[in-house]
Amino acid sequence: QVQLVESGGGVVQPGGSLRLSCAISGATSDYSAIGWFRQAPGKEREGVACISTRDGNTYYAVSAEGRFTISRDNTENISYLQMMSLRPEDTAVYYCAVTVMGFGISARHYDYWGQGTQVTVSS
């Protein structure tokens with residue numbers, strides 16, 4: 001069983017930055033990719049970014065490209081999502097997840113999820 005705990009959310013002004021963390025414990029050798037997702041009120045969950053645990057390749061949604069950076073600390077089993085130039089439309093609950101097979105930002109392919117952390121971008 002894999003457990004994920006997100007942290008780092010909060011309230012930030014437009015143009016500001018936040019760094020989210022995802023602490024991963026359990027059978028950490030059994031997953032192939034870590035993904036970050038978000039869900040705004042009344043909207044479907046959408047993929048933001050992912051990183052392969054095999055070769056470190058990354059992939060970003062168009063909305064995140066150039067503003068967000070996903071990374072991982074293999075020693076500490078932590079994934080980070082550095083978010084810059086935040087916009088009001090980035091407001092959502094952000095989740096991290098892992099998949100045991102594959103790579104990408106389709107939520108249906110992910111097997112284990114954290115509880116989420118709220119990010120609010122507002123002046």
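**Close-ups of a sheet and two loop residues**

**View 1. S85 sits in the loop that links strand 8 to strand 9 (92-99).** This is a predicted model, and S85 is worth a look for its backbone. Its phi is near 50°, a positive value, and S85 isn't a glycine. Most residues other than glycine have a negative phi. As for solvent, S85 counts as partly exposed because its relative accessibility is 41%, which falls between the 20% and 50% cut-offs.

**View 2. N77 lies in the loop between strand 7 and strand 8.** Here's another non-glycine with a positive phi: about 55° for N77. Is N77 buried, exposed or partly exposed? With 26% relative accessibility, N77 counts as partly exposed.

**View 3. Strand 7 and strand 8 (residues 78-83) pair up as antiparallel neighbours.** Six bridges join strand 7 to strand 8. To get your bearings along the pair, find T69: its opposite number in strand 8 is Q82. The loop between these two strands is the one that holds N77.

**View 4. Zooming out, four strands make an open sheet with antiparallel pairing.** Reading across, the strand order is 1-3-8-7. Which strands form the edges? Those are strand 1 (2-7) and strand 7 (68-73), each of which pairs on one side only. Going from one strand to the next, the twist averages 15°. Strands of a sheet pair through backbone hydrogen bonds, in either a parallel or an antiparallel way; in this sheet the pairing is antiparallel.

Definitions and conventions:
Residues are numbered from 1 along each chain as its sequence is written. This is a predicted model: local features need pLDDT of at least 70, side-chain atom pairs count only at pLDDT 80 or more; totals for chains, interfaces and linings use all residues. Side-chain values use heavy atoms; hydrogens and water are left out. Two strands pair if DSSP finds at least two bridges between them. Axes are lines fitted to C-alpha atoms, for helices over the stretch in contact, and angles run from 0 to 180 degrees between N-to-C directions. Buried means under 20% relative accessible area, exposed over 50%, partly exposed in between (1.4 Å probe, protein chains only).
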